[in-house]
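Here is a friendly briefing to read alongside the coordinates. Have the viewer open, and let's go through the fold, the sheets, the core and the ligand shell in turn.

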Amino acid sequence: MQYLSKAVIAPLAAVLALATIPAIAQNAKPADAALANQLDQSQASGHDPQLLDKFAAVKVEDGKYVDKEGAPTYHITNDGKKFDWYAYSGYRRYHAECHVCHGPDAMGSTYAPALKDSLKRISYEQFIGILAGGQQNSSAGGQSVMPSFGDNKNVMCYADDLYVYLKARASGAMPRVRPGDKEDKPEAAKKAEKECLGG
Ligand code: HEC
């Protein structure tokens, strides 16, 4: 009896081991070299290798890059000079809607936290939730209020753009610069924008 079960289990284990090895290898290295970021290495002191890895794109659909957790992410090329559409758009939206409280380049102010640090721990879902519903008083002061933007289309229609930009700031992929070059605005972005603003 004991002999029999061993004879059945051993080959099964071998098959399972074979099946898991390629899956692990694929996770560790995104297959498509075109998805890799090309960053400004003169800014390397500001790079966070762990977050750069976590936020790396594993696929792209219609100019929107997605990381291994399925969250929107950035794509930066040309030695850190060229940004995907959403990161570029997020930069602009941030400096229209958020920087008055959160400071230029997401560096923070005496009033509101540095979002370049917050995005190191806040998930995509949490980010969207805070943006739509606001947040109060997580700090001791008692006066600290993040307004709700749920009814503001100029913010909510660009929530992914803001998130992607702030992720690029959090990992250090995007230094404190005004984006010089960008990928073309994807058809999907045009369509989503029209539907969101109009509806
Ligand atoms: C009127 C000022 C103000 C504006 C404008 C504002 N925020 Fe905030 N935000 C705050 C304050 C204050 C907090 C801290 C709230 C708290 O203590 O929990 C905050 C918190 C947040 C947090 C959570 C940070 C953390 O570490 O928990 C996120 C994310 C955030 N804001 C995103 C944004 C984005 C994106 C925009 C632009 C669309 C924006 N905020 C615009 C004041 C503002």
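Contacts in this chain are mostly between distant parts of the sequence: of those with a separation of 6 or more, 63% join residues 24 or more positions apart. Please keep in mind that this is a predicted model. The secondary structure amounts to nine helices and eight strands, and 25% of the 199 residues count as buried.

**The antiparallel sheet**

- Strands β1, β2 and β3 make an open sheet in the order β1-β2-β3, with antiparallel pairing.
- At the edges sit β1 (57-61) and β3 (72-73), each of which pairs on one side only.
- β1 and β2 (residues 64-67) run antiparallel and are joined by four bridges; E61 has K64 in β2 as its bridge partner.
- As a general reminder, the strands of a sheet pair through backbone hydrogen bonds, in either a parallel or an antiparallel way.

**The mixed sheet**

- A further open sheet has three strands in the order β4-β5-β8, and its pairing is mixed.
- Its edge strands are β4 (76-77) and β8 (181-182), each pairing on one side only.
- Two bridges link β4 with β5 (residues 82-83) in the antiparallel sense, and the bridge partner of T77 in β5 is K82.

**Two loop residues with positive phi**

- Which residue has a positive phi of about 50° although it is not a glycine? That is D62, which lies in the loop between β1 and β2.
- D62 has 11 other C-beta atoms within 10 Å, and exposed means 12 or fewer, so D62 is exposed.
- D79 also has a positive phi, of about 55°, and is not a glycine; D79 is found in the loop between β4 and β5.
- Is D79 buried or exposed? D79 counts as exposed because it has 12 C-beta neighbours inside 10 Å, and the exposed class takes in 12 or fewer.

**The nonpolar core**

- The largest nonpolar core has 31 residues, and those touching the most other members are Y74, I76, A87, V164, Y165, L166 and A168.
- Helices α3 (85-97), α6 and α8 (159-171) each supply at least two residues of this core, and α8 gives the most, with seven residues.
- A87 shows how this core is knitted together in sequence terms: leaving aside residues up to four places away, A87 touches Y74, V164, Y165, A168 and M174.

**Around the ligand**

- How many residues are around the ligand, and which come nearest? There are 26, and C98, C101, S118, S144 and M146 come nearest.
- Two or more shell residues come from each of α4 (99-102), α5 (115-118), α6 (124-133), β6 (135-136) and β7 (145-146).
- By residue class, the shell around the ligand divides into 17 nonpolar, eight polar and one charged.
- Helix α6 appears twice in this briefing, as it supplies residues to the largest nonpolar core and also to the ligand shell.

**Helix α9**

- Helix α9 (residues 187-198) has 12 residues and spans 16 Å from its first C-alpha to its last, close to the 16 Å expected at 1.5 Å a residue.
- α9 is hardly covered: the number of buried residues among its 12 is zero.

How values were computed
Residues are numbered from 1 along each chain as its sequence is written. This is a predicted model: local features need pLDDT of at least 70, side-chain atom pairs count only at pLDDT 80 or more; totals for chains, interfaces and linings use all residues. Two strands pair if DSSP finds at least two bridges between them. The expected span of a helix is 1.5 Å times one less than its number of residues. A residue is buried if 20 or more other C-beta atoms lie within 10 Å of its own, exposed if 12 or fewer, and partly exposed in between; C-beta atoms are placed from the backbone. Two residues are in contact if their C-beta atoms, placed from the backbone, lie within 7 Å. A residue is near a molecule or strand if its C-beta atom, placed from the backbone, lies within 6 Å of it. Ala, Val, Leu, Ile, Met, Phe, Trp, Tyr, Cys and Pro count as nonpolar, Asp, Glu, Lys and Arg as charged, and the others, Gly among them, as polar. A nonpolar core is a set of buried Ala, Val, Leu, Ile, Met, Phe, Trp, Tyr and Cys residues joined through C-beta atoms within 7 Å.
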